[in-house]
Amino acid sequence: MRSRTPEDLAGRCARCYLPAAWCLCAQVPVVPTRTELLVIRHNKEAEKSTNTARIAALALPRCSIVSYGAPGQPFDASVLGDGSDTWLLFPDAPEAEGPLPRRLVIIDGSWAQARRMVQRVPGLRRLPGMRLPPPSPDSRRLRRPPHPDGMSTLEAMAGALARLEGEDVAKPLLALHELMIERVLASRGRLGWVDYL
């Protein structure tokens, strides 16, 4: 049975969305970055307690999240600006060349949602891209990826920042990802995999 986050967040932390007894907010590091991070999150991800973009934004002062796909609310593509000094973290985007970007755009959603978002927003398709190597096959997951290269948004952000700014920036984010997995599994009395939630 799939667990849902209560709409009123009853018994849950209003910041991390985990059950209050398993709140991880006190352990969230502050990770300063040179790169500005813009997460475009599918509206169906927004209320999931397993949404790792939410946790990333708690740790990264230069990270903001905008919503995509809310009923009756068209996406405001002006958040992309003119696209200068901006890369898109997406496996199908043309590989960027040249100087490192000032800003990185991250798509947050299931693989199908992410592909549709990029297809439907012309400004995203025009951005040069960044691709990441696949994660280790033994990496722990909160959700089963649809293909072996899949990873959570927080993992992808850590991988991108490792490439752009060095491993020291990525390490606390990867540790935070592990902590989130531990807390989610513990809050559900489970060990091992958590299916798509």
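Two strands count as paired where DSSP finds at least two bridges between them, and the legends below use the word in that sense for this predicted model.

**View 1. The open sheet of five strands.** In this predicted model, five strands form an open sheet in the order β2-β1-β4-β3-β5, and their pairing is parallel. Strands β2 (63-68) and β5 (129-130) stand at the edges with a single partner strand each, so one side of each is left without a neighbour in the sheet.

**View 2. The pairing of β3 with β4.** Strand β3, made of residues 86-89, and strand β4, made of residues 103-108, pair in the parallel sense over four bridges. Within this pairing, L89 has I106 in β4 as its bridge partner.

**View 3. Helices α1 and α4 across the sheet.** Helix α1 lies across β1 (36-42), β2 and β4, and runs at about 150° to β2. Helix α4 lies across β1, β2, β3, β4 and β5, with a direction at about 160° to β4.

**View 4. The contact of α1 with α4.** The axes of helix α1 (residues 52-59) and helix α4 (residues 153-165) come within 7 Å of each other and cross at roughly 45°, which means that α1 is oblique to α4. On the side of α1 the contact involves T52, A53, I55 and A56, which meet T153, L154 and M157 in α4. Sorted by character, the residues of this contact comprise five nonpolar and two polar ones, with no charged residue among them.

**View 5. The second largest pocket.** This pocket has a volume of about 290 Å³, and its lining is made up of 16 residues, of which P135, M151, E155, G159 and L174 lie nearest its centre. Helices α4 and α5 (167-187) each supply at least two residues of the lining, and α5 gives the most, with five residues. By character, the lining of the second largest pocket divides into eight nonpolar, four polar and four charged residues.

Key
Residues numbered from 1 in each chain as written. Predicted model: local features only at pLDDT ≥ 70, side-chain atom pairs only at ≥ 80, totals over all residues. Heavy atoms only, no water. Axes fitted to C-alpha atoms, helices over the stretch in contact; angles between N-to-C directions. Parallel < 35°, antiparallel > 145°, perpendicular 65-115°, else oblique. Contact = heavy atoms within 4.5 Å. Nonpolar A, V, L, I, M, F, W, Y, C, P; charged D, E, K, R; others polar. 1 Å grid on protein atoms, 1.4 Å probe; cavity = no way out; pocket = protein on both sides within 12 Å on 5 of 7 lines; lining within 4 Å. Points joined across faces, edges and corners; volume = space filled by probe spheres on them.
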